[in-house]
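Colleague: I am new to this structure. Could you walk me through it?

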Amino acid sequence: MNPLESKLSAELEALKSRGLLRQRRIHCETLIDFAGNDYLGLAAVNAGGQSDNKTPVGSGASPLVSGYSTQHQELERALCQRTGHEAALLFCSGFSANQALMTSLFNAQDRVLADKLVHASIIDGLRQSGSDFRRFRHNDLASARTLAVKQSPLALITESVFSMDGDCAPLTELKALCDQHNAWLIVDDAHGFGVPKGAQADCNSKLADVQLVTFGKALGCQGAALLGSQLFVDYMVATCRHYIYSTSLSPQAAVTALTALKKTDEPQLGNKLADNIASFTRLAAELSLPLMASSTPIQPLLVGDNHRVLELAELLKQSGFLVGAIRPPTVPAGSARLRITLSAHHTDEQISALTATLSRLINPLNRA
Ligand SMILES: Cc1ncc(COP(=O)(O)O)c(C=O)c1O
């Protein structure tokens, strides 16, 4: 056991000895429910009034009261099968899952390392945890190594695919560094999960001791999960305030996410997305567009100036394209950018029209 696992295990034992261990049980539908908060009985009202759809919209309560259902368990099992982790727990959003994770695992006695560009929800969670957290330079192994030697951290946190840059973390090397220092590797896989391998560089999140996946990105749904060892999930169930004191994910959302998860196996979707990324980057290179280095569906185009990026986004809108204008503090000062994201739904015509418009707007010589 590494230091973090020993800490979780000791805290679980202490709770057990005081009769305070919390565990989940599947809500048994044959019992008459006097536990939930579904005061008008409306949780079971089905979407669109379809009487044959028996999956309730509302879970009716938090997971430890009566809000943990077979739909949740089936989704957790499928996620474990997909990722290779032992156990999982579901949240209503990735933001709350990250905050829950950081505030449950760490406190003022703990030292943690994180990549400089990790998501706001991780930073906010680490701040709330009171832990001594340091950030290493983005994807910079030497910087991570130096801090790991100084800090002896309990864990190192990164993203698989960075949300605003589209690049991938060197997970194999970071995992080796964590192993050297007896620390956990925690990976926010919000933008990697569900995207087939062929459509992005190898962001092997299976190296993670804890993996966060979200359903609001490639799965096109809503919600999130944390995956890891049974010890980790038992600890979260017993101590995580976001999990214990919040209504669980809608069972219908769980069913929808499970259906979407199965769809991500369809090779034609992955192949189309890979083709779209390849044709976008090829056209952008031919037109000398200043794309940042990325082989994932996230293709940022560096602009620099905050006003200019807003102006470009507005001009793109007038030409019929919706593209995100990303400014500080979401990205570092001076690195405002257009965040272009590709999907399997884009057509070849749409991609060449976008690149041609970008070229006209960005390269003055092409305006004629
Ligand atoms: C890297 C990363 N982690 C977590 C989240 C939060 O996920 P959700 O949108 O499900 O709250 C996001 C959302 O933008 C994200 O980009």
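Modeller: Here are some short questions and answers on domains, a helix and two residues.

Modeller: This is a predicted model, where local features need pLDDT of at least 70, side-chain atom pairs count only at pLDDT 80 or more, and totals for chains, interfaces and linings use all residues. Residues are numbered from 1 along each chain as its sequence is written, and side-chain values use heavy atoms, with hydrogens and water left out.

Colleague: How far apart do the C-alpha centres of domain 1 and domain 2 lie?

Modeller: The protein chain splits into domain 1 (3-263) and domain 2 (267-366). These bounds come from an automatic or database domain assignment. Between the C-alpha centres of the two domains the distance is 31 Å.

Colleague: What area is buried between domain 1 and domain 2?

Modeller: Buried area is the accessible area (1.4 Å probe) that two parts lose on being put together, summed over both. Carbon and sulfur atoms give 66% of it here. The total is about 1100 Å².

Colleague: How many residue pairs are in polar contact across that interface?

Modeller: A polar contact is a pair of N or O atoms within 3.5 Å; within protein, one must be able to donate a hydrogen and the other to accept it, and residues adjacent in sequence count only if both atoms are side-chain atoms. Both residues must be at pLDDT 80 or more. Across domain 1 and domain 2, the rule finds five.

Colleague: Which elements are among those covering the buried residues of α13?

Modeller: Helices (H or I, at least four residues) and strands (E, at least two) are DSSP runs, numbered from the N terminus. Helix α13 covers residues 348-362, and its buried residues (under 20% relative accessible area, 1.4 Å probe, protein chains only; exposed is over 50%, partly exposed in between) include I351, L354 and L358. Contact means heavy atoms within 4.5 Å. The cover includes α11 (267-286), β8 (298-304), α12 (306-318) and β10 (336-341).

Colleague: Is A254 buried or exposed?

Modeller: A254 lies in helix α10 (residues 251-263). Leaving out residues up to four places away in sequence, A254 touches Q71, H72, L75 and L249. Its relative accessible area is 0%, so A254 is buried.

Colleague: Why does D179 count as partly exposed?

Modeller: D179 sits in helix α7 (residues 171-180). The C-alpha atoms of D179 and N2 are separated by 9.4 Å, although the two are 177 residues apart along the chain. D179 counts as partly exposed because its relative accessibility is 47%.

Key. Expected span 1.5 Å × (residues − 1).
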